[in-house]
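User: Could you walk me through how to read the main features of a protein model? I would like the general idea each time, followed by the case at hand.

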Amino acid sequence: MQHIFSVIATVLAFGLTLVTVLSGPVRGETPTLAIIPPWEDADQMLAQVGLTRIGPLRAPFGTLVDTRSEADLIALSHAGVWFVLDGSKIAQLCGIENV
């Protein structure tokens, strides 16, 4: 039982560190990773604010969104997105350049 708590604490610490590193300022002119509650319909939420998903097709929390301006980021926030991360940083972690 003690090992389970150690594993959970380690995973949480790693996850929080990763989010902290990736959660710098987000520019509106790049792909954005939107973290959406899993009980919400991501496509419907994005359609409300006039944005489209660019990938992945299925993910429990996150989706890449094509944002064009700071106003898009604000609209995502008002639509109920938990938070947004710079999609180009996520792409770099995955080995994709020139996003």
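Analyst: Happily; we will go from the overall layout to the core and then to individual pairs. One thing to keep in mind from the start is that this is a predicted model.

User: Then let's start with the layout. How many helices and strands does the protein have, and what pattern do they follow along the sequence?

Analyst: There are 4 helices and 4 strands. Read along the sequence, they come in the pattern α-β-α-β-β-α-β-α. Contacts add another view of the fold: if you take those between residues at least 6 apart in sequence, 69% join residues at least 24 apart.

User: What does the surface look like in numbers, and what share of the residues is buried?

Analyst: The accessible surface comes to about 6700 Å², and carbon and sulfur atoms account for 63% of that. Of the 99 residues, 31% count as buried.

User: Which residues make up the largest nonpolar core?

Analyst: The idea here is to look for buried nonpolar residues joined through their side chains. In this protein the largest such core has 10 residues: Ala34, Ile36, Ala42, Met45, Leu46, Leu51, Val65, Leu76, Ala79 and Val81. Helices α2 and α3 (70-79) each supply at least two of them, and α2 gives the largest share, 3 residues. Ala42 is a handy one to click on: leaving aside neighbours within four places in sequence, alanine 42 is in contact with Ile36 and Arg53.

User: Arginine is a charged residue, so let's turn to salt bridges. How many are there?

Analyst: The general idea is that side chains of opposite charge can pair when their charged atoms come close. This structure holds 2 salt bridges. In one of them, aspartate 43 pairs with arginine 53, with the closest N and O atoms 3.0 Å apart. That pair links distant parts of the chain, since aspartate 43 sits in helix α2 (residues 42-48) and arginine 53 in strand β2 (residues 53-55), 10 residues apart.

User: Are aspartate 43 and arginine 53 buried, partly exposed or exposed?

Analyst: The buried class ends at 20% relative accessible area and the exposed class begins over 50%. Aspartate 43 has 45% relative accessibility, so aspartate 43 counts as partly exposed. Arginine 53, at 24%, is partly exposed too.

User: And which side chains meet in the other salt bridge?

Analyst: Those of arginine 68 and aspartate 66, at 2.7 Å from N to O. Arginine 68 is exposed because its relative accessibility is 61%, whereas aspartate 66 is partly exposed at 23%.

User: What about polar contacts without a charged pair: which side chain does threonine 32 meet?

Analyst: The side chain of threonine 32 makes a polar contact with that of threonine 67, at 2.8 Å. Threonine 32 lies in strand β1 (residues 31-35) and is buried, with 0% relative accessibility.

User: Last topic: aromatic rings. How should I read a pair of them?

Analyst: A pair of aromatic rings is described by the distance of the centres and the angle of the planes. Here the count comes to 1 aromatic pair. The rings of tryptophan 39 and tryptophan 82 have centres 5.6 Å apart and planes at 70°, so the pair is edge-to-face. Tryptophan 39 lies in the loop between β1 and α2, and tryptophan 82 in the loop between α3 and β4 (83-86), so the pair ties together parts 43 residues apart in sequence. Tryptophan 39 is exposed at 62% relative accessible area, while tryptophan 82 is partly exposed at 44%.

Definitions and conventions. Residues numbered from 1 in each chain as written. Predicted model: local features only at pLDDT ≥ 70, side-chain atom pairs only at ≥ 80, totals over all residues. Heavy atoms only, no water. Salt bridge = Lys/Arg side-chain N within 4 Å of Asp/Glu carboxyl O. Helix = DSSP H or I, 4+ residues; strand = E, 2+ residues; numbered from the N terminus. Buried < 20%, exposed > 50% of the residue type's maximum accessible area, 1.4 Å probe, protein only. Polar contact = N/O pair within 3.5 Å; in protein donor to acceptor, adjacent residues only side chain to side chain. Core = buried A, V, L, I, M, F, W, Y, C linked by side-chain atoms within 4.5 Å. Contact = heavy atoms within 4.5 Å. Areas by Shrake-Rupley, 256 points an atom, 1.4 Å probe, with all protein chains shown as cover. Phe/Tyr/Trp six-rings, centres within 6.5 Å; stacked < 30°, edge-to-face > 60°.
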